[in-house]
Amino acid sequence: MTNPAEQSFDAIVIGAGFGGASCAGLLAKRGLKVLVIEKNARAGGKAMSISKNGFTCSPWVIIGAPVVGNLYQVVLDELGVSDLAKLLVPGTQGSLFKTSSGEYKRLPQMPEGVTMDPNVLFDWLEVPQDVRGSTLQFMAELTLMPREQALKLHGTTFDSWLRARNIPKSVYAFLVSLCCDGMFMVPVDTLDAGEAITSLQAMFLRNGGVFCEGGWGRVAEAYCEAVRRNGGTVLMGERVKEICVEDGEVRGVVTTKGTYRAPIVISNAGIQPTMLKLIKPEHLDKAYVSRIKSLVPSWSLVGYRYFLSGPITDAPYGVLISQDSPWSLERFNQAKRGEASKEGVVYFEIPSNYDPVCTPKGKHIVLTGAFAPANPDMSKEELMSWVNAGEETMFKAFPQMEGLIEEKDLYTTKDVSNLTREATVPGTGGETIGLGQIIGQCGPDKPSIQGPLRGLYIVGADAGGTGVGTQMAIESGMNVATAVKRDFEMRRANP
Ligand SMILES: Cc1cc2nc3c(=O)[nH]c(=O)nc-3n(C[C@H](O)[C@H](O)[C@H](O)COP(=O)(O)OP(=O)(O)OC[C@H]3O[C@@H](n4cnc5c(N)ncnc54)[C@H](O)[C@@H]3O)c2cc1C
């Protein structure tokens with residue numbers, strides 16, 4: 001076999017997360033000679049599959065959206081690898097709301113034969129009869145707002161947009177905690193309203209709750225297989241140390257094992273690690289570097305993988321919310337200082353309830369997650385205070401759970417960082433999504449997919465997409481593939 005280090009490529013992709021793998025697959029299919037270099041042993045990045053105790057599933061709660069027209073499938077189909085990753089849509093969910101009596105109550109199913117009765121949701125959220133009409137009108141405004149109008153809200157926070165509408169506290173909690181906290185992982189008074197509304201519309205009109213048999217990693221693995229089938233090379237377990245630059249243009253990369261040449265380098269390593277670690281500072285403008293340093297990542301999710309001897313619910317996934325669960329920046333900072341409760345929204349996913357291939361017969365696995373700072377270097381004490389708050393909430397909602405635990409694996413901000421991006425700016429690295437979808441970082445203010453050097457591109461959650469993390473990374477992969485193919489053709493025309 002030829003040593004790839006002796007070859008040159010049309011494009012090198014650093015990282016096989018959802019952004020990098022989708023982009024690489026599409027470029028290879030469209031005729032470019034592609035090299036993918038991934039530091040982990042498996043593709044998928046933040047959404048890679050893991051195997052333990054006979055289970056194969058996502059490593060933590062990962063709920064895909066939208067269902068209808070999702071890009072996971074669009075790219076699988078275009079690459080001709082849909083047989084390698086089967087998407088699953090369980091069709092129900094089991095979120096629980098903490099009622100005024102302090103009990104967690106499950107979102108009821110629609111009565112048989114009824115497609116959508118808003119009273120089912122309003123009863124669950126204890127919305128008083130006299131404001132149901134105005135609340136429904138508000139939900140219609142949100143769901144049907146024309147796209148141009150929603151995009152004009154870039155730069156306004158979702159919290160201020162919601163507060164101007166004077167909706168019941170429980171409906172605010174439903175929209176913020178159940179829908180937005182997990183989708184974006186940023187406090188609602190920093191969340192960009194344009195990003196929130198367009199993403200909520202996609203979820204309401206095209207549904208949420210899509211998963212992959214054997215864990216989400218299979219999707220990225222399938223995209224990498226498409227690279228191989230189209231003549232490309234995928235190197236696993238090899239870390240890029242440097243992006244080579246000469247005369248303001250990228251020339252290739254240096255890894256832990258060799259040097260590879262290409263006029264186009266596409267980085268899925270995160271915009272901050274790419275600009276602050278992989279490229280020598282002398283190649284970048286100081287003002288640009290300081291803008292990159294000031295970017296704010298999303299917050300982090302921490303929790304457990306529980307291996308249980310029995311079921312706690314038949315729900316495939318769900319969210320635990322209360323009137324007080326939404327995270328504002330002020331409440332988060334107070335909780336961080338120990339001056340307010342850390343009880344917030346908790347996500348759970350139960351692959352053994354929806355995925356026939358994930359689980360040994362009769363066994364149960366529950367993945368959970370709760371908010372925490374993105375800092376991979378926080379103290380054990382601080383970390384555990386966030387983890388414990390999530391676990392206590394889970395036990396309140398499912399009192400029988402504690403007695404069913406056979407084993408539990410903690411996952412932390414450090415684990416997420418080790419698996420994906422290293423901390424470059426203090427407090428970053430363990431983020432759930434990528435760059436936070438906050439005002440000043442969305443719409444026209446989102447970093448460009450085109451880097452500041454000729455031939456350098458950024459792919460993944462940090463540039464070129466919108467919406468929920470995995471979907472956003474693939475949208476970016478598609479957009480970057482289109483831009484790179486054009487760049488490649490231009491270079492051919494004008495060598
Ligand atoms: C706990 C948790 C829960 C989540 N829940 C959801 C959810 O419910 N729904 C949802 O849609 N999304 C969810 N996400 C977010 C989603 O997984 C991410 O937003 C998305 O997968 C990011 O993809 P990406 O392509 O930007 O990059 P990443 O996934 O970060 O992938 C980057 C890849 O680059 C590799 N890499 C980095 N540096 C180098 C280097 N120097 N050399 C070689 N390789 C390198 C990494 O190893 C990694 O494989 C969750 C994430 C976490 C951590």
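Polar residues are well represented in the lining of the second largest pocket: by class, the lining has ten polar, eight nonpolar and five charged residues. The structure is a predicted model, so please read every value here as computed from that prediction.

Let us stay with this pocket for a moment. It holds about 420 Å³ of space, and 23 residues line it. Which residues lie nearest the centre of the second largest pocket? They are Thr198, Ser199, Thr466, Gly467 and Glu475. Three helices, α5 (147-151), α8 (193-206) and α15 (469-493), are the elements that give two or more residues to this lining. Of these, α8 provides the largest share, with eight residues. Two domains also meet the cut of at least three lining residues each: domain 1 (4-88 + 214-295 + 447-493) and domain 2 (115-206).

Now for the ligand. Around the ligand there are 34 residues, and Gly19, Glu38, Ile63, Ala461 and Thr470 come nearest. Sorted by class, this shell has 18 nonpolar, eleven polar and five charged residues. Some polar atoms of the protein lie at short listed distances from ligand atoms, as the table shows.

| Residue | Protein atom | Ligand atom | Distance |
|---|---|---|---|
| Thr470 | polar side-chain atom | oxygen | 2.6 Å |
| Lys46 | polar backbone atom | oxygen | 2.8 Å |
| Val61 | polar backbone atom | nitrogen | 2.9 Å |

How much of the ligand does the protein bury? Taken alone, the ligand exposes 1000 Å², and the protein buries 97% of that. The elements that give two or more residues to the shell are α1 (18-29), β2 (34-38), α14 (413-419) and α15. Here α15 makes the largest contribution, three residues. This helix is therefore worth finding in the view, as α15 is named both for the pocket lining and for the ligand shell. By domain, the shell draws at least three residues from domain 1 (4-88 + 214-295 + 447-493) and at least three from domain 3 (297-419).Two backbone details round off the tour. Where does the cis peptide bond involving Pro66 start? The bond runs from Ala65 to Pro66, with omega near -10 degrees. Pro66 itself sits in the loop between β4 (55-57) and α2 (71-79). The other detail concerns Asn166, which has a positive phi of about 55 degrees although it is not a glycine. You can find Asn166 in the loop that links α6 (158-163) and α7 (169-184).

Terms used
Residues numbered from 1 in each chain as written. Predicted model: local features only at pLDDT ≥ 70, side-chain atom pairs only at ≥ 80, totals over all residues. Heavy atoms only, no water. 1 Å grid on protein atoms, 1.4 Å probe; cavity = no way out; pocket = protein on both sides within 12 Å on 5 of 7 lines; lining within 4 Å. Points joined across faces, edges and corners; volume = space filled by probe spheres on them. Helix = DSSP H or I, 4+ residues; strand = E, 2+ residues; numbered from the N terminus. Nonpolar A, V, L, I, M, F, W, Y, C, P; charged D, E, K, R; others polar. Domains from an automatic or database assignment. Near = heavy atom within 4 Å. Polar contact = N/O pair within 3.5 Å; in protein donor to acceptor, adjacent residues only side chain to side chain. Areas by Shrake-Rupley, 256 points an atom, 1.4 Å probe, with all protein chains shown as cover.
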